[in-house]
Amino acid sequence: VISKLPQTGTTIFTVMSALAAEVGAINLSQGFPDYDSSPELITLVSKAMQKGYNQYAPMPGLMALREQIAIKTEKLYGAVYNPDTEITVTAGATQAIFTAISAVIHPNDEVIIFEPAYDCYAPAIKLMGGVVKSLELDPPDYRIAWDMVKRLINGKTKMIILNSPHNPTATILSKEDIDELSALIKHQDILILSDEVYEHLIYDGEEHQSMARYPELQQRSFIVSSFGKTFHATGWKMGYCLAPAYLMAEFRKIHQFLVFSVNTPMQVAIAEYLKDENTYLSLPGFFQQKRDYFREGLAGSRFKLLPCAGSYFQSVTYDAITDEKDADYAIRLTKEIGVASIPVSAFYRKGNDKHVLRFCFAKRQETIDKAVDRLLKV
Ligand code: PMP
Ligand code: GLN
């Protein structure tokens with residue numbers, strides 16, 4: 001066959017998790033918790049199954065869940081989404097992202113992404129015949145220079161993909177970023193795909209700058225989120241997409257043929273669980289404690305900590321230790337020290353190596369202790 005993605009290999013998450021398992025390393029590479037989701041939520045799922053919620057859900061998702069998503073979104077960001085026409089439950093954020101891109105990107109449309117970028121954006125754009133235009137961001141603070149974004153915009157620009165809190169850099173968009181973005185696209189026909197899977201993982205009292213807060217941006221945005229991230233259940237692959245009705249109508253045309261609908265009993269359970277806002281409002285405190293604990297542990301090491309304003313990732317540079325490429329060093333650390341990380345060069349299409357490794361701190365205290373112990377010996 002002629003490959004549709006000739007440059008694409010196996011994702012770095014698969015590669016590093018497999019290596020960690022093979023050599024028995026502590027796996028701080030792929031982003032997932034090593035503790036369980038809430039017993040209450042798990043009980044709700046098994047109860048839903050026992051009650052017979054085991055057949056197809058409606059194509060856009062169970063109304064009870066869409067209603068709870070609407071309530072949460074209005075409460076947090078002040079935006080009113082109609083559950084009937086503007087909210088769709090998806091098989092994780094990944095499916096929502098792919099679906100949104102397929103719904104609106106035509107051959108030769110240009111899409112702006114910021115690199116390092118989460119790895120599923122560019123392949124989806126390319127599969128639709130779109131053209132990826134990227135702006136490279138640099139450590140330590142990975143700030144977006146909006147005048148550079150302006151230079152990338154032309155008549156073919158169809159979409160900008162944003163991700164805040166950001167994977168892998170742990171940065172967040174500020175109100176100033178939002179103002180710059182708004183000014184930039186005010187008179188342009190440009191859509192936004194806003195990957196907000198870490199919306200609840202934001203620290204130091206900062207406010208998540210959801211596109212839903214800003215009516216002019218909200219009107220042109222697909223916003224995606226992930227219950228996998230929010231409820232410590234990445235293996236459930238549950239998420240959702242919010243978009244104004246004119247965009248959601250196109251989204252659903254694809255969604256109905258990609259998956260039709262997603263897991264019914266988990267939708268029943270999550271709808272019930274979301275009624276208690278503490279299930280997500282407690283997350284910043286919960287993860288900030290882990291972030292601080294991991295950072296304090298590494299403070300005496302030879303790794304240099306980059307800022308972490310959100311997400312459950314902590315990046316480090318290691319110039320005081322070695323001048324190896326990040327990909328080589330990540331493998332060596334896994335094999336020799338027994339701690340797996342993600343080399344951030346994997347998030348640049350050209351593999352730009354800025355000597356940055358990403359560690360996931362969504363782990364039990366004892367796991368963090370063990371990992372820190374080993375990293376202090378480096
Ligand atoms: N976007 C980002 C930035 C992510 O880190 C992830 C990984 N969880 C996803 C999307 C995909 O989320 P899901 O597991 O819900 O498909
Ligand atoms: N989002 C997770 C991460 O960044 C990985 C999800 C996946 O393996 N696709 O580590």
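**Exercise 1. The loop of Ser311**

Task: In this predicted model, find where Ser311 lies and decide whether Ser311 is buried or exposed.

Solution.
Step 1. Ser311 sits in the loop between E9 and E10.
Step 2. Its phi is near 75 degrees, a positive value in a residue other than glycine. Most residues other than glycine have a negative phi.
Step 3. Count the neighbours: 30 other C-beta atoms lie within 10 Å of Ser311. A residue is buried if that count is 20 or more, so Ser311 is buried.

**Exercise 2. A second positive phi**

Task: Carry out these steps for Asp204: what is its phi, and is the residue buried or exposed?

Solution.
Step 1. Asp204 belongs to the loop between strand E6 (191-195) and helix H8 (215-218).
Step 2. The phi of Asp204 is positive, near 60 degrees, and the residue is not a glycine.
Step 3. Asp204 has 12 C-beta neighbours inside 10 Å. The limit for an exposed residue is 12 or fewer, so Asp204 counts as exposed.

**Exercise 3. The sheet that holds E9 and E10**

Task: Give the order of the strands in the open sheet and name its edge strands.

Solution.
Step 1. The sheet has four strands in the order E9-E10-E13-E12, with antiparallel pairing.
Step 2. An edge strand pairs on one side only; here the edge strands are strand E9 (304-305) and strand E12 (342-343).
Step 3. Look at one pair in detail. E12 and E13 are joined by two bridges in the antiparallel sense. Ile342 has Arg358, in E13, as its bridge partner.
Step 4. As background, strands of a sheet pair through backbone hydrogen bonds, either parallel or antiparallel.

**Exercise 4. The two sides of H14**

Task: Which residues of helix H14 (residues 326-337) are buried, and why do they lie on the same side of the helix?

Solution.
Step 1. List the buried residues: Asp326, Tyr329, Ala330, Leu333 and Thr334.
Step 2. Consider their directions around the axis. These residues cover an arc of only 135 degrees, which puts them on the same side of H14.
Step 3. Turn to the other side of H14, where Asp328, Arg332 and Glu336 are exposed.
Step 4. Identify the cover. The buried residues of H14 are covered by elements that include helix H1 (12-23), strand E11 (339-340), E12 and E13.
Step 5. Go just past the end of H14: Gly338 there has a positive phi of about 85 degrees.

**Exercise 5. A strand covered on both faces**

Task: Which residues of strand E2 (residues 87-90) are buried on each side, and how many bridges join E2 to strand E8 (residues 239-242)?

Solution.
Step 1. In a regular strand the side chains alternate between the two faces of the sheet.
Step 2. In E2, Ile87 and Val89 are on one side, and Thr88 and Thr90 are on the other. All are buried, and both faces of E2 are covered.
Step 3. E2 and E8 run antiparallel and are joined by four bridges. Val89 has Tyr240, in E8, as its bridge partner.

**Exercise 6. Cis peptide bonds**

Task: What is omega for the bond between Glu115 and Pro116, and for the bond from Pro139 to Pro140?

Solution.
Step 1. Most peptide bonds are trans.
Step 2. The bond joining Glu115 and Pro116 is cis, with omega about 10 degrees. Pro116 is in the loop between strand E3 (110-115) and helix H5 (121-127).
Step 3. The bond from Pro139 to Pro140 is cis, with omega near 5 degrees. Pro140 is in the loop between strand E4 (131-136) and helix H6 (146-152).

**Exercise 7. Two ligand shells**

Task: How many residues surround ligand 1, and which residues are around ligand 2?

Solution.
Step 1. The shell around ligand 1 has 15 residues, and the closest are Gly92, Ala93, Thr94, Asn167 and Ser226.
Step 2. Helix H4 (92-104) and helix H9 (227-230) each give two or more residues to this shell. H4 gives the most, with three residues.
Step 3. Sort the shell around ligand 1 by class: three residues are nonpolar, nine polar and three charged.
Step 4. Around ligand 2 are Thr11, Phe13, Gln30, Gly31 and Asn167. By class, this shell has one nonpolar, four polar and no charged residues.

Key. Residues are numbered from 1 along each chain as its sequence is written. Chains are lettered from A and ligands numbered from 1 in the order in which they are written. This is a predicted model: local features need pLDDT of at least 70, side-chain atom pairs count only at pLDDT 80 or more; totals for chains, interfaces and linings use all residues. A residue is near a molecule or strand if its C-beta atom, placed from the backbone, lies within 6 Å of it. Ala, Val, Leu, Ile, Met, Phe, Trp, Tyr, Cys and Pro count as nonpolar, Asp, Glu, Lys and Arg as charged, and the others, Gly among them, as polar. Two strands pair if DSSP finds at least two bridges between them. The arc is that of the directions from the helix axis to the C-beta atoms. Two residues are in contact if their C-beta atoms, placed from the backbone, lie within 7 Å.
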